[in-house]
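This report describes a two-part account of chain-level properties followed by selected residues. The sequence and coordinates are shown below for reference.

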Amino acid sequence: MRTPMSVLRLPRGPDPNSRGFDPDSPRFIALCSTTISSSTDTETDSVQIGEEQCARSMLRESFLRTLIAMTNKQVQFYMYERVKVNAVFVASDIDVLNFQVSDLQTPIGVQKEALLRCQDVILYSFDL
Amino acid sequence: MAMRQTPLTCSGHTRPVVDLAFSGITPYGYFLISACKDGKPMLRQGDTGDWIGTFLGHKGAVWGATLNNDATKAATAAADFTAKVWDAVSGDEVLTLSHKHIVKSVNFTLDSKHLLTGGNDKMLRIFDMIKPDAEPQEIAGHSGAIKKALWCNNDKHILSAADDRTVRLWDRSSAEVVKSLSFEASVSSMEYMPEEEILVVTYGKTISFFNALSLDLIKTVDAPASIHSASLHPDKDFFVAGGDDFKIYKYDYSTKEELESYKGHFGPVHCVRFSPDGELYASGSEDGTLRLWQTVVGKTYGLWKCVLPEELISDICDASYPATTELKA
């Protein structure tokens, strides 16, 4: 009867809350160039990168605030294949891949709870 | 004292794992990408199986996945009629390449500047990564869905395997067939070893080895069950194979003798690959898991630790990681 090979631990599984690619890992820090792709093509000095980053931060913050403002409001979603649906926005996932909505009005009835795939949404609008 | 193999199970996928690929050896180790029918290919640290990230974006089953040599880019082929290129460090999607049918196979050139794709529309395509909007170079000829398409001979040639039961060698510049091989059964998998210029092809219950430049047969081995995938060790000592009977077989390459067979998977094995350093091999199965297996059981490597009986007692006394002697699959 052979002794089974010992193992320190099992391989770590996926984190249920994120898609991974830890930005604090040594590989990420060493290899990830600035996410400002526009500035990698042209010779941009640090002042311009700084300005661009400020603009990006502002835009990101505005976007996140719109998600907060949208909560529990009626939103019209315009999607591919000429789909236009109304629903009450509940939440977005962290990577903005899915929107959780309630009372989704579809041509075949009202769906109490649903997930909308963000890739399928062209634009959405709501009243503040 | 001979040790019994303890495979490391990597969970996370929710559907069958249909393809996997290792990167080359990078300053940060080597990496493993797995293609899964759940549409969410995953990147893992190659020597431990630790999950690094999931590439999110495909809308259908992912049939093929590959990494470039330094694991900075990944490419995936999916049932949503697209091939996608990803930044393998940040996980971001970089490119989506539309096709006219399910894409099954993706492969980078050595300089990562071109991507070869193949799929159910029977066409090979070469995309320029610098000019992704340009029309890809198309190579027609196969009369069946392409299962696998690989660059070979320093990217001067292309090897493709299709459901028309042929493996074809193409000249990249002329886009013409140089040589064609016919098989009695559908080719289930193909692996190319650049250093040795060896092509490993599996079909039915057979694993065949060919010279990749001339497509001359080197040797053929028959397995007890239908084989879906095989991989040759970098030093050409062993090869491993897996298929319908859920087992992983290990053979001596020179003598063709079956050395070991391992049970562990709960479903047919779809893919097996040796790591670039040959110390382990990974298998992907219908059961939705990847398993890592040691090439030489008993060696301390990755998460495997060789613990001698005397060490075991002192380990229990002062270690933060208690050595486990029994692991249930």
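Within chain B, 41% of the contacts between residues at least 6 apart in sequence join residues at least 24 apart. The model is a predicted one, and the values that follow are computed from it.

**Chain B**

The secondary structure of chain B consists of one helix and 30 strands. A compact globule of 329 residues would have a radius of gyration near 20 Å, and chain B agrees with this expectation because its own value is 20 Å. Along the principal axes, the C-alpha atoms of chain B fill a box of roughly 65 × 45 × 30 Å. The side chains of chain B include 33 positive and 44 negative ones, and the centres of these two sets are 5 Å apart.

**Chain A**

Chain A contains three helices and seven strands. Read from the N terminus, its elements follow the order β-β-α-α-α-β-β-β-β-β. The three helices thus stand in succession, with two strands before them and five after.

The table sets out the corresponding values for each chain.

| Property | Chain A | Chain B |
|---|---|---|
| Buried residues | 23% of 128 residues | 58% of 329 residues |
| Contacts at separation 6 or more that join residues 24 or more apart | 32% | 41% |
| Accessible surface | about 8900 Å² | about 12900 Å² |
| Share of surface from carbon and sulfur | 56% | 51% |

**Cysteines**

How many disulfides does a search of the whole structure find? Over all chains, the search finds zero. Two cysteines may be described individually. C118(A) has a relative accessible area of 13% and is therefore buried, the cut-off being under 20%. C306(B), with a relative accessible area of 25%, is partly exposed, because this value lies between the limits of 20% and 50%.

**The surroundings of S34(B)**

S34(B) belongs to strand 4 of chain B, which spans residues 31-36. Is this residue buried or exposed? With a relative accessibility of 1%, S34(B) counts as buried. Leaving aside residues up to four places away in sequence, S34(B) touches H13(B), V17(B), D19(B), L20(B), P41(B), M42(B), A65(B) and L290(B). A further relation concerns A21(B): its C-alpha lies 6.7 Å from that of S34(B), with 13 residues of separation in sequence.

**Two residues with positive phi**

Most residues other than glycine have a negative phi. Against this background, two loop residues of chain B merit description. E197(B) is not a glycine, yet its phi is positive, at about 55 degrees. The loop that holds E197(B) connects strand 19 (187-193) with strand 20 (198-203) of chain B. E197(B) counts as buried, because its relative accessibility is 17%.

K236(B), likewise a residue other than glycine, has a positive phi near 60 degrees. Where is K236(B) found in chain B? K236(B) is in the loop between strand 23 (227-232) and strand 24 (238-243). Its relative accessible area of 34% makes K236(B) partly exposed, whereas E197(B) is buried.

Note on methods: Residues numbered from 1 in each chain as written. Chains lettered and ligands numbered in written order. Predicted model: local features only at pLDDT ≥ 70, side-chain atom pairs only at ≥ 80, totals over all residues. Heavy atoms only, no water. Helix = DSSP H or I, 4+ residues; strand = E, 2+ residues; numbered from the N terminus. Rg over C-alpha atoms; globule rule 2.2 N^0.38 Å. Buried < 20%, exposed > 50% of the residue type's maximum accessible area, 1.4 Å probe, protein only. Contact = heavy atoms within 4.5 Å. Areas by Shrake-Rupley, 256 points an atom, 1.4 Å probe, with all protein chains shown as cover. Lys, Arg positive; Asp, Glu negative; His and termini not counted. Charge placed at Lys NZ, Arg CZ, Asp CG, Glu CD. Disulfide = S-S within 2.5 Å.
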